[in-house]
Every structure is written in structure tokens, then in C-alpha cells.
Amino acid sequence: MTEHLSMPKRLRVSVATALAVGLLPLLAACGGSGDQADAGSGAAAGGGANAANDTTTNADGAVQLTVPDGVDDDTKKQYISENTLAACMKKQGFTYTPHVVTADGEDNLGGLTGEDYAVAKKSREKYGFGNYAAAVYPDDPDAPFSNAGGKTGGKRTDPVDNDEKGLTPAQEKAYQQALSGPPAATKAEEKLGGCQLEASEAANGPALSADEEKKAYDAKEEANRANGLALNGDAQLVQLAQEFAGCLRDQGIPVSTTQPTGMSDMVRLDQQVPENHFTMTKEEALPLLTKEIDLSLKDLECGKKFRAAYFPKLKAHPYYGDNA
């Protein structure tokens with residue numbers, strides 16, 4: 001589905017990208033594959049940019065972002081998508097300023113998984129599992145889920161541009177239709193369209209038919225199931241998971257599973273966290289954070305050997321879920 005035309009431009013684009021990555025059915029593209037390839041490859045030359053975004057322009061004068069060296073595939077797809085949107089909109093006679101916002105500095109969620117023991121220990125000693133840290137340290141940008149500086153959460157602001165400034169209502173409508181396609185007659189008929197569809201296909205490949213989509217989804221699920229079985233059947237991981245569980249029990253910490261695929265995040269995810277934990281006062285959150293720090297460090301120490309073995313094997317057998 002695509003988004004309502006009343007939604008902010010950046011939100012519509014991000015949702016469109018997320019839908020495409022999520023393997024939802026798409027329809028045919030709105031442009032030639034050559035244009036899409038130019039938009040993507042034009043961004044790939046050079047490197048070293050981040051949220052500041054190094055830029056060039058293509059032959060039509062559309063701004064194109066330079067893809068930084070070493071970015072992961074998902075981030076690269078964001079650049080390709082944004083560059084394609086800019087190129088496509090330029091051909092429609094409009095300006096679209098591409099933006100890719102990436103996190104700066106150290107990953108403030110690095111302590112949650114415990115994959116890197118040293119990073120996790122440093123984080124957990126102050127922030128625990130991160131459930132109460134933002135309330136206790138509201139001005140600390142390194143606190144997990146912190147909104148310090150408006151960088152995360154509902155208060156995060158979209159990049160500002162003047163792409164639609166000065167347009168008449170008729171021009172604004174034309175702009176939105178070029179971006180998203182004509183509005184659907186009903187909500188059930190909503191789908192990706194316009195330059196958003198072209199951008200999605202440039203980043204994620206051609207749209208699949210319903211049958212192809214189902215086959216791709218089934219294949220992905222089967223591969224995931226096989227990877228989960230491999231991890232949960234690994235003799236070393238099974239042994240280390242049992243040791244991990246025994247250590248937790250000795251510390252008085254309940255154990256809800258000994259499956260290797262569930263053990264890494266079990267203690268963190270099993271916590272009963274109040275719904276208002278992000279909006280608590282510091283006085284309310286501090287004693288809960290103190291208890292969580294102690295719990296998170298015990299979990300980290302008990303699982304040190306397990307996680308050291310598990311995460312490299314998880315990379316070899318990518319798996320999501322805990323019920324393989």
C-alpha cells in the first residue's frame with residue numbers, strides 16, 4: 001500500500017520503502033530500468049558522506065547523494081531510493097531533495113544484545129537494558145531510546161527542504177501525484193505508485209506477482225526455519241545454553257527457555273515493564289533502573305560464553321524468532 005496524500009512527504013517515502021523491503025505485493029514500475037540504474041549507480045561513485053550527504057547532480061540537474069563507503073545493504077538501498085526519487089521527480093518537472101538520515105557516533109543500543117561484551121558491559125553499567133534510562137537521563141543522547149536533541153522517537157523532526165514552497169494548490173496536487181501516483185478510490189486499492197514505486201523497484205528489484213511474492217515469502221520462511229533448527233541443534237550451543245540457564249537460576253533469575261535461539265534476549269524480553277516507562281519521572285524510574293542494572297549485568301556475565309559462540313553462528317545462519 002502507499003500512503004495518504006495528506007501525510008508528510010518524508011513519512012510517505014519512508015513507509016513506501018519499508019513496505020517494499022517487507023515483501024508486500026507491488027505493481028509494475030512507472031519507468032524504465034535504465035533510469036533507475038543511472039540513479040542508483042550515480043550515487044555509488046565516491047564516498048565518505050553521512051547524514052550531511054555529499055551530493056552531485058545528474059544530467060537532468062537532479063541532486064544525487066553520494067553513497068558513503070562501507071554502509072550496509074539496507075542503508076545503500078535508502079540512498080538508491082532517495083536518488084531515484086529525485087531523478088524521477090525532476091523528469092516530472094519537480095524538485096525533490098534526497099535525504100538519508102543515519103545515526104552519528106556510537107550505537108546507543110549496542111548494550112542490549114550483549115553481542116559485544118565490552119560494549120554491553122559499559123552500557124549496562126549505566127543504562128541496564130535501556131527500559132528506564134531515557135527517563136533517568138533525559139538529556140543524555142547515549143541513553144538507549146533517548147530523545148535528547150529530538151534525535152529519536154515521536155519528536156524526531158524530518159529533514160527540512162523547500163521543495164514544495166510556493167506551489168499553488170494545483171501544483172501541489174500535481175507534485176503529490178508525481179510522487180505517489182493518483183489517489184486510490186478506496187483504502188483497499190491503495191498501492192505504491194508514481195516515483196515512489198520507481199524508487200522502490202530501483203532499490204529492491206522489480207515487483208513480483210502475487211504467486212512470486214508467495215513463493216519468495218515461503219522460501220524465506222523455510223530458510224529461516226532451517227537456520228533456527230541448525231542453531232538449536234548445535235551441540236556446543238545447547239551445552240552453553242544449559243550452562244547459561246544454570247547460572248541464571250543460581251542468581252535467582254527465572255528461565256523461560258533454554259533454546260539457543262531464545263536465550264540471548266530471554267532475560268531482557270521477559271521483564272514486565274510498565275507501559276509508561278519512557279515517560280516516568282526521574283524519581284519514579286531511578287529505583288527501577290538500579291534493579292535493572294543489576295539484573296542486566298548478571299545476565300551479561302552468565303551469558304558471556306554462550307553469546308561469544310552464538311552470535312558468530314547466528315551470522316552464518318541468520319534467524320529471527322525463538323521458536324524454531
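This section describes the charged and aromatic side-chain contacts of a predicted model.

Side chains of opposite charge can pair when their charged atoms come close. In this model, nine salt bridges are found. One of them joins Asp140 to Lys126, with a nitrogen-to-oxygen distance of 3.3 Å. Because Asp140 belongs to the loop between helix H6 (133–136) and helix H7 (169–180), while Lys126 belongs to helix H5 (residues 117–127), this contact ties together parts that lie 14 residues apart in sequence. The two partners differ in their surroundings: Asp140 has a relative accessible area of 13% and is therefore buried, the limit being 20%, whereas Lys126, at 35% relative accessibility, is partly exposed. Lys126 also takes part in a contact with an aromatic residue, as its charged end sits over the ring of Tyr137 at 4.9 Å from the ring centre.

A further salt bridge is formed by the side chains of Arg268 and Asp265, at 3.4 Å from N to O. Both residues are located in helix H11 (residues 260–269), where a separation of three residues corresponds to about one turn of the helix. Arg268 is partly exposed, with a relative accessible area of 21%, and Asp265 is likewise partly exposed, with a value of 23%.

The salt bridge between Asp299 and Arg307 has an N to O distance of 2.8 Å. Asp299 is buried, at 1% relative accessibility, and Arg307 is buried as well, at 2%. These two residues are linked with Arg124 in a network of salt bridges.

Turning to the aromatic residues, the model contains six aromatic pairs. In one of these, the ring centres of Phe244 and Phe306 are 5.7 Å apart and the planes meet at 40 degrees, so the pair is classed as tilted. The contact connects distant parts of the chain, since Phe244 lies in helix H10 (residues 235–250) and Phe306 in helix H13 (residues 304–316), 62 residues apart. Both Phe244 and Phe306 are buried.

Phe306 additionally pairs with Tyr310 in a stacked arrangement, with 5.2 Å between the centres and 15 degrees between the planes. Phe306 and Tyr310 are four residues apart within helix H13, about one turn of the helix, and Tyr310, like Phe306, is buried. Together with Phe244 and Phe311, Phe306 and Tyr310 make up one aromatic cluster.

Another contact between a charge and a ring involves Lys304, whose charged end sits over the ring of Tyr117, 4.2 Å from the ring centre.

Definitions and conventions
Residues numbered from 1 in each chain as written. Predicted model: local features only at pLDDT ≥ 70, side-chain atom pairs only at ≥ 80, totals over all residues. Heavy atoms only, no water. Salt bridge = Lys/Arg side-chain N within 4 Å of Asp/Glu carboxyl O. Helix = DSSP H or I, 4+ residues; strand = E, 2+ residues; numbered from the N terminus. Buried < 20%, exposed > 50% of the residue type's maximum accessible area, 1.4 Å probe, protein only. Phe/Tyr/Trp six-rings, centres within 6.5 Å; stacked < 30°, edge-to-face > 60°. Lys NZ or Arg CZ within 6 Å of the ring centre and 35° of its normal.
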